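I wanted to see how the aromatic rings in this one are arranged. Here are my notes from looking them up.

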Amino acid sequence: MAEERSQTPITDKDDQPQSSKGSWAQAAFHVATTIATPAAYAPLPFAVASLGWPLGVVSLVGGTLSTWYSSLLIASLWRWDGNSHTTYTLLAKSIYGSWGYWSIAFFQQVASLGNNIAIQIAAGSSLKAVYKHYDPNGGLKLQHFIVFFGGFELALSQFPDIHSLRWLNALCTLSTIGFATTVIGVTVYSGTRGDRSMVTYGLDGSSSKKVFRRFNALGAIAFSFGDAMLPEIQSTVREPVKANMYKGVSSAYSVIAVTYWQIAFLGYWAFGAGVEPYIVASLTTPQWTLVVANLFAFVQILGCYQIYCRPTYAYFEGMENRLRGCVYRLVYTFAYVALITLVSLAMPFFGDFVSICGAVGFTPLDFVFPVVAYMKAGKMPRSRNLRLPLLLFNAGIAVWFSIVAVLGCVGAVRYIIQDTRTYNFFHDM
């Protein structure tokens, strides 16, 4: 009997890992690193410009509050059935069975792969901008910097888990604040120094072009709040897990709300309908601040990429007991980074990948699944006076953002088709 007990594993795939030592502040670093990337900030002024002031403000503020609420719902489902589900897929399986597991696995992979393609393009663009500042006539292309970034990520991929990268994510959070502060300051500077009579807020083009651009903008806003990794982050948090996660999520979203809204609205105010899909491209002076902003962007993206590659690595790590060793890890991490790098090199269309990733990957995970899972898990209040309004509220979020996912996908696919016709593969953007 004693021998049997000694052979019983202390943890299994559904139990809280023994290495869960993270504080609420570290959870906030992880959440902020996952969501508030330069690739998430950068398209927001363009998205608001595509929607116009009224709809743009409502969409951005509504997206912020909805994902904040949804993130708290996911955190509340920790041990909802007595077990701690340490990944998004295991949480979905506990509520919906195998159908939920494979559905979330699909959406999580779309979100993770699409996100890392988009941010690798953004990182390469930032490095290229710094290079061009110091060597305007240099011969290196965007593709060189994308490969360079891929090398960095391959090295970081040898760290075993998210918690082992907590030092990097703390640095990334500081870089996020630095990037946002720099971009906000330079945007205000540009808006006050420029000729305001040249700034217009109406979109040019046919009615169909404007409609598809609005669809594309909805996908970009959904991308900006993408966080497909909350249960994985929560599994690194020490007891009391729920309370610490609530504090971590709320702290992260406090920073996100302030910085997102300022960049989006000030960027649209400063540059109008002509704002670039990547806001940094609209900034021209002072030059040294642009170098600083791009360096902040590069550092922050290093950590974000690592969080989003972990769901894919988890599938390979399941076989690591049979194929254990550093060589095996190096092989599958190299294959992953090489695939992401190849797609980024071939189709460096940043804005298009942002929109389709937001529509197809992040909208189901961050807006739809949390509210329907909360209802399915039986967590609704028993009081009828509270239950019915909350049921209608949750159902409204699920229905509306399901529509957003479809519209955003349509707009993104149209733009990808147009760009592949306009540019050759491996184009130096």
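**Aromatic rings, notebook page**

I started with a group: Phe-148, Phe-149, Phe-152, Phe-298, Tyr-305, Tyr-313, Tyr-332 and Tyr-336 make up one aromatic cluster. Note to self: this is a predicted model.

Next I searched the whole structure for aromatic pairs and got 22. I picked Trp-53 and Tyr-268, a tilted pair with 4.6 Å centre to centre and 45° between the planes. Trp-53 is in helix α5 (residues 53-76) and Tyr-268 is in helix α12 (residues 241-271), so this pair ties together parts that are 215 residues apart in sequence.

Is each partner buried or exposed? I found Trp-53 partly exposed, at 33% relative accessible area. Tyr-268 has 1% relative accessibility, so I put it down as buried.

Then I went back to two cluster members, Phe-148 and Phe-152, which pair edge-to-face with 5.1 Å centre to centre and 85° between the planes. Both sit in helix α8 (residues 142-156), four residues apart, which is about one turn of the helix. Phe-148 is partly exposed at 46% relative accessibility, and Phe-152 is partly exposed at 35%.

I also checked the largest nonpolar core, which has 106 residues. Val-31, Val-183, Phe-225, Met-245, Tyr-260 and Tyr-305 touch the most other members. For Tyr-260 I skipped neighbours within four places in sequence, and its contacts include Ile-35, Leu-60 and Phe-225.

Last entry: I looked at a charge by a ring. The charged end of Lys-93 sits over the ring of Tyr-101, 5.9 Å from its centre.

Technical notes. Residues numbered from 1 in each chain as written. Predicted model: local features only at pLDDT ≥ 70, side-chain atom pairs only at ≥ 80, totals over all residues. Heavy atoms only, no water. Core = buried A, V, L, I, M, F, W, Y, C linked by side-chain atoms within 4.5 Å. Buried < 20%, exposed > 50% of the residue type's maximum accessible area, 1.4 Å probe, protein only. Contact = heavy atoms within 4.5 Å. Phe/Tyr/Trp six-rings, centres within 6.5 Å; stacked < 30°, edge-to-face > 60°. Helix = DSSP H or I, 4+ residues; strand = E, 2+ residues; numbered from the N terminus. Lys NZ or Arg CZ within 6 Å of the ring centre and 35° of its normal.
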